[in-house]
Amino acid sequence: SGQPPDVVRNGRPTPAQESGEALILTFPGIRMHPHSNVKRFVCRIGDVFAVTIDRSCVKYLQYVANDRTQLASNVIRVFKKSYPSRLTPQLDDVVRGEVDFHAHCLVRLGVRLGVWSKVGHAAPVGDVDVLFRDTNDVVASPSGERVQVSHTWYVWHINDHEFTPVGRLTGRAKQAEIGFVIPPDEIVKRMKTGRYEFFCPL
């Protein structure tokens with residue numbers, strides 16, 4: 001298993017992130033995804049991205065929110081249904097599909113690394129009312145031992161500054177999404193296998 005993502009709190013959002021304006025992204029000297037013809041692009045809430053699962057199918061995710069309480073990172077909604085790669089589904093149908101999971105990530109980093117590519121834009125369906133969970137026990141102790149069962153979990157909703165301590169995971173908190181800022185490759189691993197590969201205590 002890989003190392004867990006860094007967990008940092010109270011990052012300062014940029015003015016663009018704070019106001020919800022579009023992100024203008026330029027990567028000089030960066031080799032972009034083969035399906036991307038430009039190095040400068042706009043990324044807005046509602047944008048839909050395709051992820052290649054294998055040679056014959058793709059899945060989709062949508063940028064649905066920014067969470068100022070988690071480093072002003074992006075929140076994505078990942079859809080469960082896979083589509084034949086030879087087809088181009090209507091995005092309005094895609095975003096009405098069954099949701100697999102939500103996660104914090106950096107959408108622009110996924111594009112930069114070529115793990116997903118923008119395919120269009122659609123209005124997000126419904127509210128983005130997601131409960132996330134986090135703990136400080138994801139980092140190994142000085143002795144190198146990992147906490148297998150954490151008693152310091154806390155939960156929160158997007159842009160809710162009231163983090164609620166819950167101790168050990170039970171009930172609804174046990175079903176909350178992991179609230180770390182997840183690396184793009186781990187997002188894709190979960191889309192393919194149903195789970196992240198990094199270590200996380202129970």
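**Cores and a four-stranded sheet**

In this predicted model, the largest nonpolar core holds 31 residues, and the ones that touch the most other members are Leu-61, Trp-116 and Ile-187. Quite a few parts of the chain chip in. Strands S3 (47-52), S4 (57-67), S5 (73-79), S7 (99-105) and S10 (153-157) each give two or more residues to this core, and so do helices H3 (107-113) and H5 (184-193). Apart from this core lies another one, made of 10 residues, including Ala-50, Val-58, Leu-91 and Val-95. As a rule of thumb, nonpolar side chains in soluble globular proteins tend to be buried together.

What does Leu-61 contact, once its neighbours within four places in sequence are set aside? The list includes Val-48, Phe-49 and Val-51, then Ile-76, Val-78 and Phe-79, and also Trp-116, Ile-187 and Met-191. Asp-47 and Arg-77 are in contact with Leu-61 too.

Now for a sheet. Four strands line up in the order S11-S10-S9-S12, forming an open sheet with mixed pairing. Strand S11 (164-167) and strand S12 (177-178) sit at the edges, each pairing on one side only. Strand S9 (residues 131-134) runs parallel to S12, and two bridges join them. One residue to look for here is Phe-132, whose bridge partner in S12 is Glu-177.

Zooming out, the protein chain has five helices and 12 strands. Of its 202 residues, 44% are buried. Among contacts between residues at least 6 apart in sequence, 60% join residues at least 24 apart. The accessible surface adds up to about 11200 Å², with 49% of that belonging to carbon and sulfur atoms.

Notes
Residues numbered from 1 in each chain as written. Predicted model: local features only at pLDDT ≥ 70, side-chain atom pairs only at ≥ 80, totals over all residues. Heavy atoms only, no water. Pairing = 2+ DSSP bridges. Core = buried A, V, L, I, M, F, W, Y, C linked by side-chain atoms within 4.5 Å. Buried < 20%, exposed > 50% of the residue type's maximum accessible area, 1.4 Å probe, protein only. Contact = heavy atoms within 4.5 Å. Areas by Shrake-Rupley, 256 points an atom, 1.4 Å probe, with all protein chains shown as cover.
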